[in-house]
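Student: I have a new structure to learn. Can we go through the reasons behind the labels?

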Amino acid sequence: MEIIGDDKKLRALFSEAQTVDAAATPSFTSVWHRAQARSLKPGRAFNLSFALVTALLVLTLGSLALWSAYSHRGTVRNDAAGNHPQPASGVQPNQQTKEENTTAAVNTGNRPVFPVPGSIHRSVKPRVKRSSAAVEQQLVASTKTTARETTIETWQSPTSALLTSPTDGLFKSVPQLNENANEMKSFLPGRSNEKEK
Amino acid sequence: MKFDPMEIADLKAELERLHSASFGWALSCCRRDATEAEEVLQTVYLKILEGKARFRGESSLKTWLFAVIRKTAATEYRRRLLRSFRLTADPDEVDDRVSPFENQSETFERSEAQMHFQSALKELPRRQREALHLVFYEDLSLREAADVMGVSIGSARQHYERGKKKLRESLARLEMGYGNNWGRQETSRAV
């Protein structure tokens, strides 16, 4: 069979394929009706993957917002704790909060303010602990810095001992003019003999 | 946005007129898989019904429809590919799909030339195959083919020329190979 030739032969092959395809073509009405049926079907209310991604995004954003809010509150409390005198080290943070509650009750009158067993105290407890720990850390850091300063002041070079000698007194002191001249006269025998003569 | 009933009726008549050619083009876009081609065509009609694909009269209806079919086929192919990746644990489900067209074509006992032609066509790069199909099968001009393929006319011409050259070469090679093979069989039988 001679296939290599001009476009006519290629066209003939394509038209042959066309006739084979035409025999296998599904009817238009069936395809159209199926498409219509698909279009009438209510579409999926939501895409599962899209919903998952959205939920994940919302969760991430929410947790980020919560974290930022808590961290902001924590810094504010730390600042407040820095201004007020700290309680004694033996006093527990829980006790402190209780005392605060009782004093608040006294200040508001006879109506005692009971702690809500919900979120407030649960969220406050770790905050207080964290603030006391921060204060302790600050104290330790400050003591360390003062110790460093003192050691720097008293520091001596290890070779400074080598620079000292027993005649340092003679070399470093300035002689008094009059006293030394008189002292020297006593040492000079020639001059004293002349005077004696 | 949906079409008016009148508009849909007109469009339906036009689509019916072009249905056979559309199916042939869908077949070419779906690597001769009739089931896939039918699904693609159905999706295209659905897009038209829902107003997702809208003919604005910028080109001929045939060119526009073929461009929609091409795009839909590419999308469906990508989806199928993803699905097959997901179902790799169950390979039966992927490979069990038998194309009725393939069976049919086998039962039809295509001519040798047609078989060689189809296998040579499959060897061609997609763009070249598309250009040849649109020009020879669908009787489109090169400009129209370029519109359907979404490329410039120069590019379409290049694909067309290269495709033609490659197709001739591969057909000649297949013919020669078949001839040699056949000759060997003859000699072995003779011995």
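Tutor: What follows is a set of questions about labels, each answered from a value and a cut-off. Keep in mind that this is a predicted model.

Student: What is the helix and strand make-up of chain B?

Tutor: Chain B has ten helices and zero strands. Along the sequence the pattern reads α-α-α-α-α-α-α-α-α-α. Of its 191 residues, 43% count as buried.

Student: Why is B:Glu36 called buried?

Tutor: The cut-off for buried is under 20% relative accessible area. B:Glu36 has 4% relative accessibility, so B:Glu36 counts as buried. This residue lies in helix α3 of chain B.

Student: What makes B:Glu36 and B:Arg31 a polar contact?

Tutor: The limit for a polar contact is 3.5 Å between N or O atoms. The side chains of B:Glu36 and B:Arg31 are in polar contact at 3.1 Å, within that limit.

Student: Why is B:His116 called buried?

Tutor: Its relative accessible area is 11%. Buried means under 20%, so B:His116 qualifies. B:His116 is found in helix α7 of chain B.

Student: How far apart are B:His116 and B:Leu171 in sequence and in space?

Tutor: They are 55 residues apart in sequence. In space they are 6.6 Å apart, C-alpha to C-alpha. For chain B as a whole, take contacts between residues at least 6 apart in sequence: 71% of them join residues at least 24 apart.

Student: What makes A:Asp21 and B:Arg32 a salt bridge?

Tutor: A salt bridge needs a side-chain nitrogen of Lys or Arg within 4 Å of a carboxyl oxygen of Asp or Glu. Here the side chains meet at 2.6 Å, N to O. The pair is an Asp and an Arg, so the label fits.

Student: How do you know that this pair joins two chains?

Tutor: Look at where each partner sits. A:Asp21 lies in helix α1 (residues 7-24) of chain A, and B:Arg32 lies in the loop between α2 and α3 of chain B, so the pair joins two chains.

Student: Are these two partners buried or exposed?

Tutor: A:Asp21 has a relative accessible area of 1% and is buried. B:Arg32 has 9% and is buried. Each value is under 20%.

Student: What makes B:Glu38 and A:Arg34 a salt bridge?

Tutor: Their side chains meet at 2.7 Å, N to O. The limit is 4 Å, so the pair passes. This salt bridge crosses between chains, from helix α3 of chain B to helix α2 (residues 28-40) of chain A.

Student: Why is A:Arg34 called partly exposed?

Tutor: Partly exposed is the band between the 20% and 50% cut-offs. A:Arg34 has 35% relative accessibility, so A:Arg34 falls in that band.

Student: Which other salt bridge links the chains?

Tutor: One of them is A:Asp7 with B:Arg168, at 2.8 Å, N to O. The count between chain B and chain A is five salt bridges. Over all chains, the whole structure has 14.

Student: How do you know that B:Arg126 and B:Glu130 are about one helical turn apart?

Tutor: They are four residues apart in helix α8 of chain B, which means about one helical turn between them. They form a salt bridge, with the closest N and O atoms 3.2 Å apart. B:Arg126 is partly exposed at 45%, whereas B:Glu130 is buried at 4%.

Student: How much area do the two chains bury?

Tutor: Chain B and chain A bury about 3,500 Å² between them, with 68% of it on carbon and sulfur atoms. On the chain B side, B:Gln42, B:Phe136 and B:Tyr137 lose the most area, together 20% of what that side buries. The contact takes 41 residues from chain B and 29 residues from chain A.

Student: Which residues have the most contacts inside the largest nonpolar core?

Tutor: That core has 57 residues. Those with the most contacts inside it include B:Tyr45, B:Ile48 and B:Leu167. Helix α3(B) gives the most to this core, with nine residues.

Student: What does B:Leu167 touch beyond its neighbours within four places in sequence?

Tutor: Its contacts are A:Leu10, B:Phe117, B:Ala120, B:Leu121, B:Leu124 and B:Leu132.

How values were computed
Residues are numbered from 1 along each chain as its sequence is written. Chains are lettered from A and ligands numbered from 1 in the order in which they are written. This is a predicted model: local features need pLDDT of at least 70, side-chain atom pairs count only at pLDDT 80 or more; totals for chains, interfaces and linings use all residues. Side-chain values use heavy atoms; hydrogens and water are left out. Contact means heavy atoms within 4.5 Å. Buried area is the accessible area (1.4 Å probe) that two parts lose on being put together, summed over both. Buried means under 20% relative accessible area, exposed over 50%, partly exposed in between (1.4 Å probe, protein chains only). A polar contact is a pair of N or O atoms within 3.5 Å; within protein, one must be able to donate a hydrogen and the other to accept it, and residues adjacent in sequence count only if both atoms are side-chain atoms. A nonpolar core is a set of buried Ala, Val, Leu, Ile, Met, Phe, Trp, Tyr and Cys residues joined through side-chain atoms within 4.5 Å.
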